[in-house]
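Got the viewer open? Here is a short guided tour, with something to select at each stop.

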Amino acid sequence: MAAGEERGYDAFISYSHRLDAAITARLQSELERFAKPWYRMRALHVFRDQTSLAASPHLWTTIEEALSDSGWLILMASPESAQSSWVSREISWWRTHRPMNHLLVAVTQGEVAWDESAGDVDWGATTALSKEALGHAFTEEPRWVDLRWARDQGGSLRSGDPRLQDAVADLAAAIRHVPKDTLIGEHIQHRRRTLQAAIAVAAALVVLLAFAVTAAFIAKGQRDRADQENIVATAGLLASTAVSLTRSHPDLAQLFAVQAYRLDPGNSQTRAALFATVQADPQVRRFLQAPGPVSALAVAPGGRVVVAGTRNGWVRGWNLSTFTPVSYGRMTGPVTGVAVSTDGSTVAATTGPAARTWVHGRAVASRAAPPGTRFTAAGVSPSGNVAAFAAFPELDVLSTTARSWRQAELDGFGTWHRGRPPQVTNLAVPSDTELVALDGRYGSWRRLVLPSLTAAGAARNTFGLSRYPAYTYALSPAGTLFTHSYVAAGASLRVLSTRRSGPAAHARPGGRLALALAISQDGRWIASEDASGIHVSHVSEPSQPATPPRSYPGAEPIFSTSLAFVGDSSTRLISASGNQLTLWDLRQYSRIGQAARIPMSWKCGRVCPGPRLAIQPGGQAAALTDSNGNLLLRAGLGPAFGTIARIATGGTEELGLPLWSRTGNRLYVFGTGLSVVAAGGKGRAVMVSKDSDPPQALALSADGRHLFAVDATGTVRIGPVPSGGAAPPRGASPSGGASPSGGASPSGGAVVPGPPGIRPNAALYQRQAAVSPSGARAAVIDQSNQEVYVTNLTTRRIWRVPGVKAFELAYSGSRLVLQRENGNIDLRNADGTRVISSVQAGTPWNYGNIAVSPGPAGQVLVAGERADGRGILADLGSGYLLGVFPIVKVSPYQQTTMAFTAGGRSLITVTEGNRRSSVGVLTQLSLVPAQWIRVACTTSGHSLTPGDWRRYISATPPPRLGCAR
């Protein structure tokens, strides 16, 4: 009997030995250990040839036996594996003998793209899969696990990395046919039980040693270590749980991250989990918890109240100023429609067979649907005097003041597509004298006069001939506009009117298929939601081109009307998903940050040096110069954030790098002219010298008396700080130091020549130079080949950092920070020759910059920009990527500059305007965990419950689970 038959394998891993051996070995180990009870050897039996093959002359026969005895095939996809003949042979065997829905793909390098129109992999854009082996193998887009981030980890890939644990959970859940959330819960519980068993054994050993003379000291030491290990392990489990729940349960994710950080605040993993969860969905203002899965949603005309109906019959409202919940009552069966008056005093709701109306919290009227029909929509006038209910073809209208009913027949609606009848999906009652009913399937509508219920306008089948009814639909609060979407991907949203005929207005949708739609109160904006997030589109007239939508990440909707604008705003929205309502403010830059508009136009074309930024000591203000070098601004920070003052204007490149004095009472601006601005950056700009070659990097000595300036060739000028008095003699350096043939001591005036042969590239700007704060070292990037050179400013020795090509560099204290071409950000010794730690930050944006700052507890914070336009934040002290943050830009060629305030308490970014706007953006992101906790507790809207803890962590919750303290 073959080895595979004796043992049986849950999965077989097919991979490229040349590059993926380390990642595959770690993946096999984690799959076999994930959610493993302590009493079993392994949770899954995974075949990998390096560990499972015995010596045999019949290699393929042995592999074929293992494949035949495996339930799943895990393909480690990469350009190397796509070219591997062994991998192709294993895939071909699997396609012949096993179902393709038992093939799982984990991408370690390259790209996978799907061609929706062809119903196959887009082989022109896909590099990680072999067309010969997998052409036409999939009937639908395969779900694949992204392990590309792990490639650069190599042998240092850590078992506790939450990204690895999430990928393992994805694969293990499919193999074991268990929901991912459930499997993660089992994994966490098994690990905790194992830890508790280990602690129990340690305690037993302590008892056995109690008779020794030093028993008390040994017991205390072991107990302290066990307690600390328990804290670290539990905090790690909480952090991993928080990250895994970020997309599905963002409110719980924040709360678990808060618990993790409070338990172990010095742990980079808990800090990263807290940052990631409060940064997810930056435009969220508040989560609201419904008593069941939401099935109907309505916002009051003035935006003061939101009401939701649930599948288990509850009707509940919230005041959107205080977030105070109001329970109206419970109906029998799922709620199919709700509506609310302006002040929230009148609420109407329907289930299929019944309708009910509440006034001031008291049920005043109920109605049964006519035989053979079902209620599908409800409406309430702004005053609350009229409530309406639709059960096609019947329409019931209630006068809430007189408690009397009127009824009308909605005849004249069309019926298409295999005889499916119309259905009134939306009712608008914009006043006590008007009502509009919309059939969202086919676009038939009728406008009625109240209270007579006579027709004032009608149309049928306005959506036009189609094989299928509309997929999603929306009616504006005033009942004047409506829209719809079909299954066809990328189709324009038509906006039709119930007031006028003629060509339809239109809007460009976001994503592939709108699953929910809403029209703003003024009819100028449409919000759509799909699995990729929320998209807000401007409604354009028929003769005008549609403008691209603004898109934001968000939770996936669950029904067509699960999205609504709040009041008359075009930027405040509320959405429903599962048991949760989410209030959005699309103007909000971040839950833990602020954004302000600044006058900073884009003037230099595609590639510019970008804005220049310097933070005043103490963090009260920032000095900004634009990429053209002719504008100097002072921006308030902290409580004064957003106050902008124009200090000076000049000619091109007259105003370059800004630098504050050590005390912050003087501001220097180095360009082709040197300006000194006194009084904390509020005084008059005085030109004191001119230089055709302005510096690329600046630093002050520790005593603030000497200035170090590095130009694009790596030449360093050292001299006294300018006084701001009369202009120096002709030929003096901008720093007030000596000429190129000057003295040799950094303590006096000197010029230290840069590395020979460096050729500055004026067409390609980067942050190419840096000088250490002590003035002991200067570093420069040769822009022609991205090589890095370091100069010892005391000995004048120059050396090239071997094996490194870098985009950007900076100094953190005495240590050099490099952003390399491969995306790694390294923390190195002062000479750059030894790597202390490194993080993989993603593909770098080579026209941006990095910012570095010491943080608390030995942290070395670094921020940078990725090629996808998002910012990254990492702690180089621990080598941990803390998370990503938004950068406000519409074009990849807009330049962003960033800097930390003292102690790394805030990150400041400035982004210039674009071709269409002369307005830039200044942002301030809080990096204080106490602020993150306050935001997490506020936006979650509730605290963890013992049930939450038991479901995801362990059977024994701690006594205190409250969020705010």
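We start with the whole chain and then visit a sheet, a disulfide and a loop.

This is a predicted model, where local features need pLDDT of at least 70 and side-chain atom pairs count only at pLDDT 80 or more, while totals for chains, interfaces and linings use all residues. Residues are numbered from 1 along each chain as its sequence is written, and side-chain values use heavy atoms, with hydrogens and water left out.

**Stop 1: the whole chain**

Show everything as a cartoon: the secondary structure comes to 14 helices and 62 strands. Here helices (H or I, at least four residues) and strands (E, at least two) are DSSP runs, numbered from the N terminus. Switch on a surface next: the chain exposes about 39500 Å² (Shrake-Rupley method, 1.4 Å probe; for residues, only the protein chains shown count as cover). Carbon and sulfur atoms supply 52% of that area. Of the 965 residues, 56% count as buried, meaning under 20% relative accessible area, with exposed over 50% and partly exposed in between (1.4 Å probe, protein chains only).

**Stop 2: an open sheet**

Now select residues 294-299 and 325-330, which are β9 and β12, the edge strands of an open sheet. The four strands run in the order β9-β10-β11-β12, with antiparallel pairing; two strands pair if DSSP finds at least two bridges between them. Add residues 314-319 to see β11, which pairs with β12 over five bridges. Within this pairing, look for V315, which stands opposite G329 in β12.

**Stop 3: the disulfide**

Which cysteine is joined to C937? Select C963: a disulfide joins the two, S to S 1.8 Å. The rule used is a pair of cysteine sulfur atoms within 2.5 Å, and the count comes to one disulfide. Turn the view to the S-S bond, where the angle of -80° makes the link of C937 and C963 left-handed. C937 lies in helix α13 (residues 929-940) and C963 in the segment after α14 (946-952), so the pair ties together parts that are 26 residues apart in sequence. Both ends are buried: C937 has a relative accessible area of 14%, and C963 has 5%.

**Stop 4: a loop serine**

Finally, select S540, in the loop between β31 (533-538) and β32 (550-552). Is S540 buried or exposed? S540 is buried, with a relative accessible area of 2%. Leaving aside neighbours within four places in sequence, S540 is in contact (heavy atoms within 4.5 Å) with A505, H506, P545, A546 and T547. Zoom in on P545: the side chain of S540 reaches the backbone oxygen of P545 at 3.4 Å.

Note on methods. A polar contact is a pair of N or O atoms within 3.5 Å; within protein, one must be able to donate a hydrogen and the other to accept it, and residues adjacent in sequence count only if both atoms are side-chain atoms.
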